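Student: I'd like to learn how to read the inside of a protein model. Can we go through one together?

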Amino acid sequence: MNVTYISLKGHVEIEKYRYFYFFMMLPVYILIVCSNCTIISLIVIHKNLHEPMYIFIAGLLINSVLFSTNIYPKLLTDFLSNEQVISYQACLFQIFVFYSLSGSEFLLLAAMSYDRYVSICKPLQYAIIMRKTIVFILLGLAWIVPFSHIVVFTVAHANLELCSFTLKGIFCNNSINYLFCAGYKALLTFGLVTLFNIGILPMLFAIFTYVKILTVVYKSCREVRRKAAQTCLPHLLVLINYSCLMTYDMIIIRLESDFSKTSRFIITLQMIMYNPLCNPIIYGLKMTKIYEHLKKLFYKVRHDCFR
């Protein structure tokens with residue numbers, strides 16, 4: 001069975017700094033998994049966190065763990081390898097997971113913005129509109145819709161002929177399009193539709209929803225404004241953070257010839273570090289109920305260690 005391999009040529013002086021890269025990124029990956037899983041566990045264990053907002057947060061943090069696991073193990077292996085290569089099939093799978101989870105992130109943030117809108121602007125109808133059935137349907141759609149879009153894209157790419165086998169990156173993304181012998185207008189059109197459906201549209205919906213919330217809250221009393229800021233600010237920070245990171249990804253791909261190798265390498269590392277690390281920090285510190293449970297957990301751990 002013939003296996004096609006693609007070389008990943010986005011690393012900078014890997015022969016010289018391989019151990020530095022490895023021991024810098026390994027703790028980051030461990031921290032991402034541990035911090036996200038800690039908050040997910042708190043949400044699962046404590047019944048007072050079994051509310052729509054916290055269920056969506058748990059979904060977002062699961063996304064962060066899966067997103068990181070799609071990239072970090074292979075990246076860490078490459079740091080210690082003499083050759084940084086990946087099979088074409090594995091590369092397509094990595095692209096599929098990367099963009100599916102990216103789309104899920106935007107859809108989950110859109111669902112969270114709608115949850116906050118109903119909670120703040122329609123509080124008397126909240127229990128009826130955001131019942132558990134609706135919450136789990138929204139969760140399911142947040143994963144199914146991007147997966148169904150990206151799987152078509154991935155299968156179509158699997159049948160295209162490669163004319164180059166060198167990727168200017170440290171993991172597989174849409175820059176793989178530069179490796180094909182010929183581009184196809186149908187695929188390009190479908191790619192733009194996919195970007196709009198699972199990226200731009202959810203982001204615009206979330207922004208519009210928060211603007212509506214701000215409009216309503218501005219006319220309310222100080223206590224309502226304080227509570228709204230307390231629950232909406234973390235979601236807004238995550239939305240802005242992730243939108244910036246995905247914009248970086250698009251800029252790097254579209255303008256790859258205009259970026260130096262070092263700049264591309266640094267920005268790519270930032271892109272895969274910031275969001276999975278920031279999410280548990282933002283939600284752990286800014287969401288009062290989660291913060292209270294975290295304090296109790298750390299106090300218990302400290303008490304058990306020094307007992």
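**Rings and cavities**

Tutor: Sure. This is a predicted model, and Phe147 makes a good start: its relative accessibility is 32%, so it counts as partly exposed.

Student: And is Phe96 buried or exposed?

Tutor: Phe96 comes out at 16% relative accessibility, so it is buried, the cut-off being under 20%.

Student: How do I read a pair of rings?

Tutor: Aromatic ring pairs are described by how far apart the centres are and by the angle of the planes. Here, a search of the whole structure turns up 12 aromatic pairs. In one of them, Phe96 and Phe147 have ring centres 5.4 Å apart and planes at 65°, so the pair is edge-to-face. Phe96 sits in helix 3 and Phe147 in helix 5, so the pair ties together parts 51 residues apart in sequence.

Student: What kind of pair do Phe98 and Phe171 form?

Tutor: A tilted one, with 5.3 Å from centre to centre and 45° between the planes. Phe98 belongs to helix 3, while Phe171 is in the loop between strand 3 and helix 6, 73 residues apart. Phe98 is buried at 0% relative accessible area, and Phe171 is buried at 3%.

Student: How do I find empty space?

Tutor: Rolling a water-sized probe over the atoms shows where space is left empty. This structure has two cavities of 30 Å³ or more, and the second largest has a volume of about 50 Å³.

Student: Which element gives the largest share of that second cavity's lining?

Tutor: Helix 5, with four residues. By class, the lining of the second largest cavity has five nonpolar, three polar and no charged residues; Leu92 and His157 are among them.

Conventions: Residues are numbered from 1 along each chain as its sequence is written. This is a predicted model: local features need pLDDT of at least 70, side-chain atom pairs count only at pLDDT 80 or more; totals for chains, interfaces and linings use all residues. Side-chain values use heavy atoms; hydrogens and water are left out. On a 1 Å grid over the protein atoms alone, a cavity is a set of points where a 1.4 Å probe fits but cannot get out, and a pocket is an open set with protein on both sides within 12 Å along at least five of seven lines; lining residues have an atom within 4 Å of a point. Grid points are joined across faces, edges and corners, and a volume is the space filled by probe spheres set on the points. Helices (H or I, at least four residues) and strands (E, at least two) are DSSP runs, numbered from the N terminus. Ala, Val, Leu, Ile, Met, Phe, Trp, Tyr, Cys and Pro count as nonpolar, Asp, Glu, Lys and Arg as charged, and the others, Gly among them, as polar. Rings of Phe, Tyr and Trp (its six-membered ring) pair if their centres lie within 6.5 Å; planes under 30 degrees apart count as stacked, over 60 as edge-to-face and the rest as tilted. Buried means under 20% relative accessible area, exposed over 50%, partly exposed in between (1.4 Å probe, protein chains only).
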